[in-house]
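Student: Hey, I'm new to this one. Can you walk me through it?

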Amino acid sequence: MTENLENQSQDDLESHLAQVQALLAKMRLVEDLVHRQGGPRQDLVENLVHKQNLSELQRKLDELHPADVAYILEALPIDERLLVWDLVKAERDGEILLEVSDSVRESLIQTMDKAELLAAAESLDTDEIADIAADLPHDVIQELLTTLDAQKRARLQSTLSYPEDTVGALMDYEMVTIRADVTLEVALRYLRRLGELPDQLDKLFVVDRDDAIIGVLPLKRLLTTDPEASVAAVMVEDFVKFHPEDDAHEASQAFERYDLVMAPVVNAAGTLIGRLTIDAVVDYIRESADADMLSMAGLKEEEDLFSSVWHAAKNRWMWLAINLGTAFIASRVIGEFEHSIAKLTALAALMPIIAGIGGNSGNQTTTLIIRGLALGHVTPANARRLVKKEIGVALFNGLMWGSVVGVFAWLLYDNPALGGVMALAMLLNLLVAALAGIFIPMVLERVKRDPAIGSSVLLTAITDSMGFFIFLGLATLLLL
C-alpha cells in the first residue's frame with residue numbers, strides 16, 4: 001500500500017512538471033507566432049498574449065504545494081526557473097526556499113532584493129529560518145535579527161550557534177507542556193483552548209515549575225484514560241530525550257530504533273528547551289544520504305542540474321585529479337612488465353579481468369563495512385571476527401571464480417599453465433580486495449574522516465594496481 005502511494009505521488013509530481021513544461025513551451029510558441037505575424041499595435045498584442053500566458057501558468061503554480069513547486073524549479077533550466085519563480089506569490093517564497101536544494105536556493109536568492117528576502121524569512125518559523133540562514137546574505141541576517149521579537153531572536157541565535165550535524169541545529173520550539181498535578185480533563189480543556197496544535201505532536205511534555213521535564217503524556221493515553229485521573233498517574237517517566245549537542249546521526253538512529261515521532265530536547269540542567277520531530281529527522285537522513293552518494297561519485301557538493309559549465313567542472317575536479325594519479329600508478333605497474341606482455345600478448349587481454357573482479361568484490365565489502373560503521377555495528381570487539389569472515393568469503397569466491405576464469409583462459413589460449421596463473425592471481429587479488437575493503441573505511445573512520453568519501457577511489461587504486469602486479473608478476477615468474 002505504501003509503495004502504491006509513493007508511486008502515485010511520484011506520478012503526480014512528474015505530471016505537474018510535464019504540465020508546467022508544456023505551458024512554457026506553448027507560451028514560447030504562441031509568442032513567437034504573434035511576433036512573426038506583425039501588424040498594427042504589435043507591441044500591445046504581444047504584451048497582451050504574454051500576460052495571458054503568464055496568468056495561465058501562475059494559476060497552475062498556485063494550485064501546487066510548495067514542495068511540488070520546489071521540485072519543478074529544480075527540474076527547469078535557469079531561464080525558465082527564474083520565470084516560474086517570478087510568478088510565485090510573495091507569501092510563498094519562504095516555504096519554497098525551504099524546500100528546494102541548497103544549490104537551487106542560491107540561484108533563486110541571487111535574484112531577490114533585501115526586502116524580498118526579509119519578507120520571505122519573516123514568514124518562517126525560527127528553526128526554518130536557521131535552515132536557510134547559511135544561504136542568506138550577512139546583512140539580511142543582521143537586519144532580520146533586529147526585526148524579530150526577543151524570544152524569536154534568542155531562539156534563532158541559539159539554533160545558529162549549534163554545529164550543522166547536531167540535534168540543536170534540527171530542533172524546533174513548538175512544544176505543548178503541562179503540569180503533573182492537573183487532571184486529564186484539565187489537559188484536554190487546555191488543548192481545546194490552544195485551537196491549533198503543532199505538527200508531529202504525539203505526546204505532551206510534563207514539566208515542573210522550573211520547566212524541567214519529568215515525563216511525557218502520550219495523546220492516546222490522554223484520550224483513552226478516565227478524565228478524572230491525574231497527569232502524574234498516567235504519564236510515562238521512562239522516555240527518550242536528547243541534548244542539543246548530541247550527534248544528529250545518532251539521534252536519527254534512535255528515532256528508527258524506538259519508532260519515535262517526536263522527542264524532547266533538554267539542556268545540561270534537564271530544562272526543556274525544544275523538541276526533535278520525525279520530519280526534521282527524515283530530512284536530515286535524506287540530505288545525508290544524498291551527500292554520501294555524491295561523495296562516493298567524487299562530487300564535492302550538491303550540484304544544480306543546470307549550473308554553469310565552469311561551476312560543474314570545478315565541483316568534479318578533486319576526485320578526477322585523484323583518479324588520474326591512481327591511474328598513473330596502475331599504468332606504471334603495467335609498464336614494469338612490458339617485456340612480459342610483449343612475449344605473451346594474452347596477458348594484456350586477461351589482466352583487466354583480474355583487476356575488475358577484484359574491484360567489484362572490494363566494493364561489496366566496503367559497502368557493507370561503511371553501512372556497519374554508520375549503524376554502529378562495527379566495533380573493536382567484533383572487528384577481528386569480521387576480518388576472518390571476509391577473508392573466508394574471499395577465499396571461497398577466489399577458489400570458485402578463480403577456477404572458472406582459469407578454465408576459461410586454458411580453453412581460450414590452449415595453455416593450462418596460463419589458466420593456473422589466472423586462477424591463482426584471482427584468488428590472491430580477491431584476498432587483497434577483501435582486506436582493503438575492510439581496512440580503508442575503518443582507517444578513515446579512525447582518523448575522523450567520512451568513510452563514504454574516497455573509499456571507493458582508494459579501493460580501486462589498490463585492487464587495480466595489485467591485480468596487475470600479482471597477475472603479471474606470477475606470469476613472469478611462472479610462465480616466462
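Tutor: Sure, let's start on the surface: F396, M400, W401 and V404 make a nonpolar patch of about 420 Å². Patch residues have over 30% relative accessible area and no salt bridge, with nonpolar side chains joined within 5 Å; a salt bridge puts a side-chain nitrogen of Lys or Arg within 4 Å of a carboxyl oxygen of Asp or Glu. Keep in mind that this is a predicted model, where local features need pLDDT of at least 70 and side-chain atom pairs pLDDT 80 or more, while totals for chains, interfaces and linings use all residues. Residues are numbered from 1 along each chain, and side-chain values use heavy atoms, without hydrogens and water.

Student: Where is V404 placed?

Tutor: V404 is in helix α21, residues 383-413.

Student: And why does V404 count as partly exposed?

Tutor: Because its relative accessibility is 43%, and partly exposed lies between buried (under 20%) and exposed (over 50%), using a 1.4 Å probe.

Student: New topic: how many cavities of 30 Å³ or more does the structure hold?

Tutor: It holds 1. A cavity is a set of points on a 1 Å grid where a 1.4 Å probe fits but cannot get out, and lining residues have an atom within 4 Å of a point.

Student: Which residues line the largest cavity?

Tutor: L23, K26, M27, N53, E56 and L57. Helices α1 (2-37) and α2 (42-62) each supply at least two residues of that lining.

Student: What's the mix by class in the largest cavity's lining?

Tutor: There are 3 nonpolar, 1 polar and 2 charged residues.

Definitions and conventions
Patches are made of residues with over 30% relative accessible area and no salt bridge: like charges are joined within 9 Å, nonpolar side chains (Val, Leu, Ile, Met, Phe, Trp, Tyr) within 5 Å. Accessible areas come from the Shrake-Rupley method with a 1.4 Å probe; for residues, only the protein chains shown count as cover. Helices (H or I, at least four residues) and strands (E, at least two) are DSSP runs, numbered from the N terminus. On a 1 Å grid over the protein atoms alone, a cavity is a set of points where a 1.4 Å probe fits but cannot get out, and a pocket is an open set with protein on both sides within 12 Å along at least five of seven lines; lining residues have an atom within 4 Å of a point. Grid points are joined across faces, edges and corners, and a volume is the space filled by probe spheres set on the points. Ala, Val, Leu, Ile, Met, Phe, Trp, Tyr, Cys and Pro count as nonpolar, Asp, Glu, Lys and Arg as charged, and the others, Gly among them, as polar.
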